[in-house]
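Reader: Could you take me slowly through this structure, so that I can learn how to reason about what I see?

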Amino acid sequence: MMRTTVPPVACVGGPRLTAGFAEFGRLDLLAHEEVHGPIGPVEPAALLRLAEAIDLKGKGGAGFPFARKLRAVLESCERQDLAAVVVVNATEGEPASWKDKVLLTRAPHLVLDGAALAAYALDAEEIVIGVADDDVGRPSLTEALQERRMPVPTTIVTVPHRFISGEGGALVNGINGLPHIPPGTKKRSSDSGVNGLPTLLSNAETYAQLAVAARIGPYEYAALGTDDEPGTVLLTVTGAAKRPAVVECAAGTPLREILELCEVPDGPGILMGGYHGKWITPEAAARAEVSRRGLAAVGGTLGAGIIVPLGRDTCPLGEAAQVVRYLAGESAGQCGPCKMGLPDLARAVDLAVSGSAPIEVVRAAAGDVKGRGACSHPDGTARFALSAMEVFAEDLRLHATGEGCGKRVKGLMGLPGAPDGNPQKLTLDWSRCDGHGLCAHVVPDFIRLDGNGYPAFPATPVPTWLRQGALKAVKVCPELALRLVKAE
């Protein structure tokens, strides 16, 4: 289940973002300045050179170069003769991730330093920090803002703790008073973001890394890490780890060192990068390095620095199927690939796991959503599902025999409760169903007819935007075979 308290913090090599944690716990302003030293404003050209010299990339998952974002906002401000807004994305909607919450609760001034540097360089009129409504990071951040003066007005905006709330466009929408979902069309926040102004939007860790680099300079910053990925990264290690933790390490650190530190047992696979990431085998993990290039070389991804290992006492396919169901329910429900395609993908994965359908059904369903969404949610979900089918191929073979792997699903993926707080799913009384097919006509986005003309639907809770249609399908069933019940 999802944690409700901040996990322990560990470090492999010299600490930077986590410096002072052992001595002070949470760093207030005095402790922060004692550990990290003073920092002054940096001119736009100098900040651009610094970001380029350390090849700073976004730490929220996409890995977009920070310097390109900064330059795009500078150019947009000049072209449109408008002021800029700096947005810190600390929402961390990924349920398995805790690195940004650790920064907010223990090193908030490092995040604020980075935001202040960007605001000065852009001559911004405002800083906005987005946090989740789980009340984990906001108290510490509020206290930090009371301890110091920021160069421009700085506000905290709370967004729903949902997977899609952390998407950049969804955060901008939420700040602008719109629903906290991605925009229906792809927009560049550097051109028009908060209040229609050019907006620099990046992850909390990205700003913290910028603050470290501004203090020590690009050469010392590159003393840790690899040639093409200098510096450190923050990792969240959960799942079957006996010592789950947020770990800071230099880029290029062997992954096995992180797994040993967190006492990860032998298992069938490790999820790298979170719910939009990829699974890798234990053999791949043994030779992988913690960097974007190092993980890509073994079929994984760094993503937002999330590592979820599984133990041998859980059903890996069942664990993966639960995540796909969750992601299908987390859709904004505003475009076809999400609204219709992800429930289809969840259904396909459920059928494959139950041994009722071959892997080709999953591949076809994933192919129907890849590259077609208004945001990256369909692509990420498809990537996760296909990766699970590949890495757990032997388990899939066992499930296809009808015998299964003989293991129950322990729930190691950190899934939270359903977003609507009252999840419901459809059930069917086969002794009553005569295959009229009316239910599939009423809610075709969720119910299909199988080859024999009988209704088929996934075991996932009915998405909130299809709830009314599901209720109507229950009411029109002439044999009273269809039911909507609480999902456990």
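Author: The questions below go from packed helices to cores and then to single residues, and the model they concern is a predicted one.

Reader: How are α6 and α9 placed relative to each other, roughly parallel or roughly perpendicular?

Author: Two packed helices are described by the angle between their axes and the distance between the axes. For α6, residues 108-122, and α9, residues 204-221, the axes come within 7 Å and cross at roughly 80°. An angle from 65 to 115 degrees counts as roughly perpendicular, and therefore α6 and α9 are described as roughly perpendicular.

Reader: How many nonpolar residues are there in the contact of α6 with α9?

Author: On the α6 side the contact includes Leu-110, Val-111 and Leu-117, while on the α9 side Tyr-207, Leu-210 and Val-212 are among the residues taking part. Sorted by class, the contact of these two helices has two charged residues, one polar residue and, as the count you asked for, twelve nonpolar residues.

Reader: At roughly what angle do α3 and α9 cross, and which residues of α9 are met there by α3?

Author: The axes of α3 and α9 come within 10 Å and cross at roughly 90°, and the two helices are therefore roughly perpendicular to each other. By class, this contact has seven nonpolar residues, with no polar and no charged ones. From α3, Leu-47, Leu-50 and Ala-53 take part, and the residues they meet in α9 are Leu-210, Ala-213, Ala-214 and Pro-218.

Reader: Which element gives the largest share of the largest nonpolar core?

Author: In soluble globular proteins, nonpolar side chains tend to be buried together. The largest nonpolar core here has 57 residues, and those that touch the most other members are Phe-66, Val-86, Leu-122, Ile-127, Leu-200 and Tyr-207. Several elements each supply at least two residues of this core, including α3, α4, β2 and α9, but the largest share, ten residues, comes from α6.

Reader: How many residues does the second, separate core have?

Author: Before leaving the first core, consider Val-86, which touches Ala-115, Leu-122, Ile-127, Leu-200 and Tyr-207, among others, when residues up to four places away in sequence are not counted. The second core is separate and includes Phe-163, Ala-240, Val-353 and Ile-359. Its size is 46 residues.

Reader: How many residues of α16 are buried?

Author: Helix α16 covers residues 377-391 and reaches 21 Å from its first C-alpha to its last, close to the 21 Å expected. Its buried residues include Phe-384, Met-389 and Val-391, and also His-377 and Ser-387. The helix is mostly covered, and the buried residues number eleven of its 15.

Reader: Is Ser-190 buried or exposed?

Author: Ser-190 lies in the loop between α8 and β5. Leaving aside its neighbours within four places in sequence, Ser-190 is in contact with Ala-72, Val-73, Ser-76, Pro-198 and Thr-199. Because the relative accessibility of Ser-190 is 8% and the cut-off is under 20%, this residue counts as buried.

Reader: What is the relative accessible area of Glu-263, and is Asp-81 buried or exposed?

Author: Asp-81, in the loop between α4 and β2, has a positive phi of about 55° although it is not a glycine. Glu-263, in the loop between α10 and β8, has a positive phi of about 55° and is not a glycine either. Glu-263 is partly exposed, with a relative accessible area of 39%, whereas Asp-81, at 70% relative accessibility, counts as exposed.

Notes. Residues are numbered from 1 along each chain as its sequence is written. Side-chain values use heavy atoms; hydrogens and water are left out. Helices (H or I, at least four residues) and strands (E, at least two) are DSSP runs, numbered from the N terminus. Buried means under 20% relative accessible area, exposed over 50%, partly exposed in between (1.4 Å probe, protein chains only). Axes are lines fitted to C-alpha atoms, for helices over the stretch in contact, and angles run from 0 to 180 degrees between N-to-C directions. Angles under 35 degrees count as roughly parallel, over 145 as roughly antiparallel, 65 to 115 as roughly perpendicular and the rest as oblique. Contact means heavy atoms within 4.5 Å. Ala, Val, Leu, Ile, Met, Phe, Trp, Tyr, Cys and Pro count as nonpolar, Asp, Glu, Lys and Arg as charged, and the others, Gly among them, as polar. A nonpolar core is a set of buried Ala, Val, Leu, Ile, Met, Phe, Trp, Tyr and Cys residues joined through side-chain atoms within 4.5 Å. The expected span of a helix is 1.5 Å times one less than its number of residues.
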